[in-house]
Amino acid sequence: MPRLLPGTRALRTFEAAARHLNFTRAADELGLTPAAVSHQVKEIEDQLDLVLFTRTSRTMRLTEAGNVLHEASIEALDLLN
């Protein structure tokens with residue numbers, strides 16, 4: 001079965017979360033709730049079967065896969081714009 005790819009809305013959400021390294025700031029920028037950002041990021045992680053962020057109680061960092069997807073999402077969204 002082919003793997004589903006994230007849609008543009010999910011990529012925009014991921015890109016904002018990756019840039020801010022904070023779901024609340026990404027949510028404020030996008031007009032979403034932090035829970036919606038978290039849900040969309042989790043959906044991308046499930047679709048791609050990858051962990052994109054390492055999360056602790058106070059910090060969030062991109063994994064290597066997260067860095068690759070962040071760079072690719074920037075390029076893809078720029079191209080689409």
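Here is a friendly back-and-forth about how the labels on this predicted model follow from its values.

Me: Before we start, what do the numbering and the values rest on?
Reply: Residues are numbered from 1 along each chain as its sequence is written, and side-chain values use heavy atoms, with hydrogens and water left out. As this is a predicted model, local features need pLDDT of at least 70 and side-chain atom pairs count only at pLDDT 80 or more, while totals for chains, interfaces and linings use all residues.

Me: What makes Arg19 and Glu29 a salt bridge?
Reply: The term asks for a side-chain nitrogen of Lys or Arg within 4 Å of a carboxyl oxygen of Asp or Glu. For Arg19 and Glu29 the N to O distance is 2.9 Å, so the pair fits the definition. Arg19 sits in helix 1 (residues 8-20) and Glu29 in helix 2 (residues 23-30), 10 residues apart, so the pair links distant parts of the chain. Helices here are DSSP runs of H or I with at least four residues, strands are runs of E with at least two, and both are numbered from the N terminus. Glu15 joins Arg19 and Glu29 in a network of salt bridges.

Me: How many salt bridges does this rule give?
Reply: The count is four. Among them is Lys42 with Asp46, at 3.1 Å from N to O. These two are four residues apart in helix 3 (residues 34-48), which means about one helical turn separates them. Another is Glu45 with Arg55, at 3.5 Å. Because Glu45 lies in helix 3 and Arg55 in strand 1 (residues 53-55), that pair ties together parts 10 residues apart in sequence.

Me: Why is Glu45 called buried, and Arg55 partly exposed?
Reply: Buried means under 20% relative accessible area, exposed means over 50%, and partly exposed is in between (1.4 Å probe, protein chains only). Glu45 has 7%, so it counts as buried. Arg55 has 41%, so it is partly exposed. Lys42, with 45%, is also partly exposed.

Me: Why are helix 2 and helix 3 described as roughly perpendicular?
Reply: Their axes come within 8 Å and cross at roughly 105°. Angles of 65 to 115 degrees count as roughly perpendicular, under 35 as roughly parallel, over 145 as roughly antiparallel and the rest as oblique. The label for helix 2 and helix 3 is therefore roughly perpendicular. The axes are lines fitted to C-alpha atoms, for helices over the stretch in contact, and angles run from 0 to 180 degrees between N-to-C directions.

Me: Which residues make that contact?
Reply: Phe23, Thr24, Ala26 and Ala27 do so from helix 2, and Pro34, Val37, Ser38 and Val41 from helix 3. Contact means heavy atoms within 4.5 Å.

Me: How do you know that the buried residues of helix 2 share a side?
Reply: The buried residues are Phe23, Ala26 and Ala27. They cover an arc of only 100° around the axis, so they lie on the same side of helix 2. That arc is taken from the directions from the helix axis to the C-beta atoms. They pack against helix 1, helix 3, strand 1 and strand 2 (60-62).

Me: What makes Ala17 buried, and what is it in contact with?
Reply: Ala17, in helix 1, has a relative accessible area of 0%, so it is buried. Leaving aside neighbours within four places in sequence, its contacts are Asn22, Phe23, Ala26, Val37, Val41, Phe53 and Met60.
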